[in-house]
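Subject: Structure handed over, with notes

Hello,

Here is the structure you are taking over. Please keep it open while you read, and look up each residue as it comes up.

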Amino acid sequence: MSPEAGAMQLVQEVKDMLEETPQLAAVLSLPPFEDFAGLMGALFTGLTGNAAIGEIARRAYQDNPALEPLTTYDVTETARRNFEPGGPPAVLLFARGLHAVTAHRVAHHLWTQGETTLALALKSTCGRALGTDIHPAAQIGAGLWLDHGLGVVIGETCVIEADVSIWHNVTLGSTLGEGGALRHPHIGQGAVIGAGATVLGHIHVGAGANIAAGAIVLADVPAQTLVTGHKAQARGAARISFAPKGTGA
């Protein structure tokens with residue numbers, strides 16, 4: 001299925017869900033929509049209670065063709081890795097972590113277009129609604145799964161490769177002793193970061209690595225390695241992967 005067909009299928013699935021549960025649109029404060037860009041605009045209007053933000057999101061998806069396949073992949077992967085019922089349409093409407101990732105994608109689009117003030121305003125407003133703080137300059141690959149999403153902080157120069165999974169209350173920040181263009185972590189493809197973990201400084205977390213819940217990580221983590229503890233130590237091979245089969249992560 002082409003990305004365009006996948007997006008339109010998702011639009012239809014959301015419409016079907018809204019038709020099956022007549023009160024749902026009112027509960028979500030979701031205005032009418034026709035295409036994928038309109039759906040994203042409606043979603044952000046409902047999430048923030050702000051039609052101007054909804055229009056910014058709609059325009060971003062209309063103007064940047066790359067956003068549509070990115071978001072449909074984010075939705076598909078969140079549905080695959082999550083245990084809740086309802087599949088992709090439920091993820092799009094209800095998953096706070098997916099909403100945070102999508103808000104970042106819109107803010108990042110604005111940032112790369114030179115609309116930095118508007119990008120920061122969107123980050124701030126959506127962050128208040130979603131309980132996250134993701135800098136619009138952060139580079140986030142396809143298929144980021146933020147399970148729950150609450151309390152996630154991602155710094156300005158952070159790079160997150162494809163198919164990473166992150167739980168709630170995770171910080172990807174700086175040490176405050178570093179400046180310049182590289183002061184936040186680089187997270188490799190398919191890495192898994194548990195709840196409450198803190199990863200600080202310009203360090204590299206290798207592909208497929210596992211960072212245990214509550215770990216404090218201040219040094220590089222080799223690929224496919226599990227680290228645990230308040231001064232994170234290697235504890236053998238990584239044990240968990242949510243990456244799609246065949247990605248090598």
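The notes below go through two helices, the salt bridges, one sheet and two loop residues.

Please keep in mind throughout that this is a predicted model.

Helices H3 and H7

Start with helix H3 (36-48). At 1.5 Å a residue, the 13 residues of H3 should span 18 Å. The C-alpha atoms at the two ends of H3 are 18 Å apart, which agrees. H3 is mostly covered, with 10 of its 13 residues buried. The buried residues of H3 include Phe-36, Leu-39, Met-40, Leu-43 and Phe-44. Gly-38 and Gly-41 are also among them. Just after H3 comes Gly-49, which takes a positive phi of about 65°.

Helix H7 (residues 96-112) can be checked in the same manner. Its 17 residues, at 1.5 Å each, should span 24 Å, and its end C-alpha atoms are 24 Å apart, so the expected span and the model agree. How many of the 17 residues of H7 are buried? The count is 13, so H7 is largely enclosed by the rest of the structure. Gly-114 follows H7, and its phi is positive, near 85°.

Salt bridges

The count of salt bridges comes to 8. Three of them are described here.

The side chains of Lys-15 and Glu-34 meet in a salt bridge, with 3.2 Å from N to O. This pair links distant parts of the chain, as the two residues are 19 residues apart. Lys-15 is in helix H1 (residues 3-20), while Glu-34 is in the loop between helix H2 (24-27) and helix H3. Lys-15 has 25% relative accessibility, so it counts as partly exposed. Glu-34 has 60% relative accessibility, so it counts as exposed.

The other two salt bridges share Glu-77. In one, Glu-77 is paired with Arg-80, and the closest N and O atoms are 2.8 Å apart. Both residues lie in helix H5 (residues 67-81), 3 residues apart, which is about one turn of the helix. In the other, the side chains of Glu-77 and Arg-81 meet at 3.2 Å, N to O. Glu-77 and Arg-81 also both lie in H5, 4 residues apart, again about one turn of the helix. Why can a residue pair up with others three or four places along a helix? An α-helix has 3.6 residues a turn, so residues three or four places apart point the same way.

Is Glu-77 buried or exposed? Its relative accessible area is 5%, so Glu-77 is buried. Arg-81 is buried as well. Arg-80, at 44% relative accessibility, counts as partly exposed. Together with Asp-163, these three residues, Glu-77, Arg-80 and Arg-81, are linked in a network of salt bridges.

The sheet

The model has an open sheet of 5 strands in the order S1-S4-S7-S10-S13, and the pairing is parallel. Which strands are at the edges? They are strand S1 (133-134) and S13, each of which pairs on one side only. Strands of a sheet pair through backbone hydrogen bonds, either parallel or antiparallel. Strand S10 (residues 198-200) runs parallel to S13 and is joined to S13 by 2 bridges. Thr-198 stands opposite Ile-216 in S13.

Two buried loop residues

Where is His-184? His-184 lies in the loop between strand S7 (171-173) and strand S8 (186-187). With a relative accessible area of 7%, His-184 is buried. Its side chain and that of Thr-157 are joined by a polar contact of 2.7 Å. Leaving out residues up to four places away in sequence, His-184 touches several others, including Gly-155, Glu-156, Thr-157 and Cys-158. Leu-172, Gly-173 and His-202 are also among the residues that His-184 touches.

The second residue is Val-221, in the loop between strand S13 (216-217) and strand S14 (225-228). Val-221 is buried, with a relative accessible area of 5%. Apart from neighbours within four places in sequence, Val-221 is in contact with His-204, Val-205, Gly-206, Ala-209 and Val-227. The C-alpha atoms of Val-221 and Ile-211 are separated by 8.7 Å, and these two residues are 10 residues apart along the chain.

Regards

Technical notes: Residues numbered from 1 in each chain as written. Predicted model: local features only at pLDDT ≥ 70, side-chain atom pairs only at ≥ 80, totals over all residues. Heavy atoms only, no water. Buried < 20%, exposed > 50% of the residue type's maximum accessible area, 1.4 Å probe, protein only. Contact = heavy atoms within 4.5 Å. Expected span 1.5 Å × (residues − 1). Polar contact = N/O pair within 3.5 Å; in protein donor to acceptor, adjacent residues only side chain to side chain. Salt bridge = Lys/Arg side-chain N within 4 Å of Asp/Glu carboxyl O. Pairing = 2+ DSSP bridges.
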